[in-house]
Amino acid sequence: MRFPLWRREKRNQELSEEMQAHLTLAEREAMESGQTVKEAQAAARREFGNVGLAEEVTRDAWGFVWLEQLLQDIRFGLRVLRKSPGFAAVAILTLALGIGANTAIFSLIDAVMLRSLPVEDPSQLVLLKWGARTPPDTHGYLSAGDCTSNLRFGLGNPSGNPSGCSFSEPMFHEIAQANVFSGTAAFANAGRMNLTGNGPAAVVNGQLVSGDFFRTMGLKPAIGRLLDTVDDKPSAAAVAVLNYGYWQSAFGGSRDVVGRTIELNGVAFTIAGVAEQRFTGITPGSDYDVWLPLSDGERISTSGPFRWQNRQADAAFWWLTILGRVKPGTPRAQAQAIVSSLFRNEMLHGSVPIFHAGEAGGGPAPRPGAPTGGNAIVRRQIATVGGPAPAGGGTPTGLPPPGASGAERVLMAAPPGAAPEGGPHPSAIASAPATLSKADDNPEITLVPAQSGLTGSRTQYSDPLYVLMLAVGIILLIACANVAGLMLARAAARQKEMAVRLALGAGRARVVRQLLTESIMLSVLGGALGILFAYWGAHAIISFVSSNQARPLGFATGVDLRVLGFTATVSLLTGILFGIAPTFRGSRVDLTPALKEGEGSSTRSGHAGGKWFSIGNALVVAQVALAIVVLVGAGLLVRTLANLRNIDVGFDAHNILIFGINPELVGYKGAQVDSFYRDLQGRLAETPGVKSASYSMMPLLSNGLMVTSFHWPGTPQDQNSEADVLGVGPNFFETLHIPFLTGRGFNASDFVLSASNSGAAPTSAPTPVIVNHEFVEKYLGKENPLGKRFGESPADANDPANPGYEIVGVVRDAKYNSLRREIHAMMYTPQSAGGASFELRTAADPQAILPAIREVVAQVNTNLPLFDVKTESQQIDRLLFQERLVARLSGFFGLLALVLASVGLYGLLSYEVSRRTREIGIRMALGAQPESVLKLVLREGIVLAIVGASVGIGVALGVMRYLSSMLFDVHANDPLTMIAVAVLLTLVAFTACYIPARRATRVDPVIALRYE
């Protein structure tokens, strides 16, 4: 029979009354037989037996003993902790720091790497990825970094087996019409757009989605409605769906927004509704402001290297990412076989074969739906964009999702008759090397779970987060070893208590449970406090990351049930981990000696040379070794940050203000754009506080990269050379303080010539370029570079003759897109058309003149917003924010590990001094000097520290190689870092040892000998 716990007291009372009733009845029967009262009571008790034992047996039958004993253990544990507040505070705080650090980092890993996609039933959603043995013969390939790709057109694909997740729009429609999935959706980045109609002009980030996108995702509107298939038609009215957060910030959360009209790049859109709050984009880390139908892409795509080019009907222009929702009951392998067969058939035998089934590849012929005639674009240029996009922002689908800042390599098809952002005419860009694509190249589609296939900016954060998780895991181990050492000391002090318990009949299992309960109580209290530390720590990390991002992070962070479950699990395992050794020591007590010794006796616990390396010493060595590992990692990462900051970037980054602007978004065309830039440059240069002004296709060190290929004279005709390329405006080198080594800068006629050569009918004169010193070293050696021509190509079926380039100047090497990337051969071309980024060198703080700059731009056009406004120093900080974040956190965790290890060493030696008080007193009574006692204690602590440091360096030598990819200009096994860390820890250990050692020298022999 079982009774509720809350009725236990009443049941105990009833049980006692029942037992007493039985005794009373037995006494009455004995008295009736003629016995006296005392004889009757004795007879009743003999007949009934042990009353207490009967009650215990009865209570055992009720089934609540284990719970009662647990409550007893908890109450007793609380009393023990209350009697030792110092020990409890140190143990709980130590565990709170370890558990809190783990919870904080895990909450970020959960948000970035583990959290489900913000859609209904994400497990049924799959991503379509193609793969083959050779690259597809496309003339346009765009990727926004939604998935990992293994593809590099024209410049070689060293790893082989190219793959990606971009498809053509005709391919998407064919897959959708095959009815393989219950829902098929496609999406692509729309890039930056100029929004008007809601106060001052603003720049927003948008995404193009198919009409079935929101239904396939299973999303619902917060207000209004979402896009439908009827909206994704060229004849449909232009409608848009707003992001919930953008609706709140830009429109104040007004429900009247539905039906309002806004203009995007000069095109009127009616707001149909607002997406639900949890959805900011399907790709992890993305944060879009607005969603538009795919059919409206042509209306808003007016500028940049990714112009529309009739891509909706072009089977050779791959730009869409496709998702499918598997039908209930349909195996994924079956759906994959159908889709892959369809893709293979279309690629090898369709009307526009992409893989030629054995025919020689190379420059493809004009394709149905592709641009034709002399302006057909079949040449290729490689770009890497990330972080800030190439200035101008009008680069639809060629940018990473907003909020993502990892670089993604994309193939760009230049616009008809124009060079990408002021570069050479497309005919100057050599076609990809000829490839043989056969049927056995096996073009196929793999269905990958969208949860793992859509990576987005996860790849940017994954390595740092896992490294930090390893660091905090080590911190937790140090904390466990620290508390275990404290518990061992307490177990030694409580030996007599444990002996009395065992002597009174307590089983060893019962004692073990009591001690484990006390350990788990400490870890639970530490975990509760750790949640507060975790909340603060995660908030601080997110604030730091957000301050270094142009847009919100794009991940829903916070402490949720999964994080709390992690904390509870870690707390429980931690309590068991650090409680095992003290528990078994406390339960394995030799009763006779323990009961004979006095409370403070140290006769038996004197220092025995044969047992120097005790469990307590081993724990201290482990703490020191683990601290060394964390400190070495932190030292390497801090040195990496210092090395990156001390790099000579090749130009003066101080007092430079940068902002992006794109007049094409508000209707400027061709020569109007160049005239706008010249006019604005002149106005800005005359602004008070501005020393010089210029512009470029994208700012240096913005994580954006353009690479072009060309033919170098004297090399085989089918051999390509390559160089970085950047379009720049007048006075660019003077503004950035990049010195000329020889030659001249660009003049007005150079910009006119470059614009002409970028048009449909290039001139016979080569485009003037300025190259860096590395270009000269790579291609010219000691030859005079001035006047050197290269890159000429004859006319062919697709392009007119290209006059190539002519070197007019050589400048000093400068970093292009990244501090980590080595300087490559680079050519600067006159910037023409497209978006641009202005660089202003100021006489004082660049931020102080920002209002004046906005006023100057407004004088030219009030509807033209600025974006990516920052200083060059801020841009470099943003470029290094990952290194800064990891260095700061690893440095903090390294110091925390150092403190915990020092506290552990201090605690052990303090316990040793108190345990050996009588021994020290005898030594001093026999004539030992305080200095010798000081050395005795210090030697023990320093030896432990040295042993731990040696073990830690050995472990670090094996572990640090996994940090190699995150390091810069420092080796993973750098001896200087390891020696410096070992010396630092030894010095701190000496300080931690000195305090208890000094206390030992002050022992009064008389008092010590009366200690018993």
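Buried means under 20% relative accessible area, exposed means over 50%, and partly exposed lies in between. Keep these cut-offs at hand for the exercises below, and remember that this is a predicted model.

**Exercise 1.** Is R79 buried, partly exposed or exposed, and which surface patch does it help form?

*Solution.* Start with the place of R79, which is in helix α4 (residues 65–83). Next, take its relative accessible area of 42%. Partly exposed covers the values between 20% and 50%, so R79 is partly exposed. Finally, look at its partners: R75, R79, R82 and K83 form a positive surface patch.

**Exercise 2.** Find the salt bridge between D648 and R812: how far apart are the closest N and O atoms, and which parts of the chain does the pair link?

*Solution.* A useful idea first: side chains of opposite charge can pair when their charged atoms come close. In the bridge between D648 and R812, the closest N and O atoms are 2.1 Å apart. This pair links distant parts of the chain, 164 residues apart. D648 sits in the loop between α17 (615–645) and β17 (656–661), while R812 is in the loop between β24 (805–811) and β25 (826–830). Now check the accessibility: D648, at 49%, counts as partly exposed, and R812, at 32%, is partly exposed too.

**Exercise 3.** Which residues pair with R821 and R820 in salt bridges?

*Solution.* Take R821 to begin with. Its side chain meets that of D724 in a salt bridge (2.7 Å, N to O). R821 is in the loop between β24 and β25, and D724 is in strand β20 (residues 721–728), 97 residues apart. R821 is partly exposed at 21%, whereas D724 is buried at 3%.

Turn now to R820, which forms a salt bridge with E883 (2.9 Å, N to O). Because R820 lies in the loop between β24 and β25 and E883 in helix α24 (residues 881–915), the pair ties together parts that are 63 residues apart in sequence. R820 is partly exposed at 27%, and E883 is buried at 13%.

**Exercise 4.** Where is L701 found, and is it buried or exposed?

*Solution.* Locate L701 in the loop between β18 (690–696) and β19 (705–710). Its relative accessible area is 0%. That value is under 20%, so L701 is buried. Lastly, look at the backbone: phi of L701 is near 60°, a positive value in a residue other than glycine.

Technical notes: Residues are numbered from 1 along each chain as its sequence is written. This is a predicted model: local features need pLDDT of at least 70, side-chain atom pairs count only at pLDDT 80 or more; totals for chains, interfaces and linings use all residues. Side-chain values use heavy atoms; hydrogens and water are left out. Helices (H or I, at least four residues) and strands (E, at least two) are DSSP runs, numbered from the N terminus. Buried means under 20% relative accessible area, exposed over 50%, partly exposed in between (1.4 Å probe, protein chains only). Patches are made of residues with over 30% relative accessible area and no salt bridge: like charges are joined within 9 Å, nonpolar side chains (Val, Leu, Ile, Met, Phe, Trp, Tyr) within 5 Å. Accessible areas come from the Shrake-Rupley method with a 1.4 Å probe; for residues, only the protein chains shown count as cover. A salt bridge is a side-chain nitrogen of Lys or Arg within 4 Å of a carboxyl oxygen of Asp or Glu. Lys and Arg count as positive and Asp and Glu as negative; His and the chain ends are not counted. The place of a charge is taken as NZ of Lys, CZ of Arg, CG of Asp or CD of Glu.
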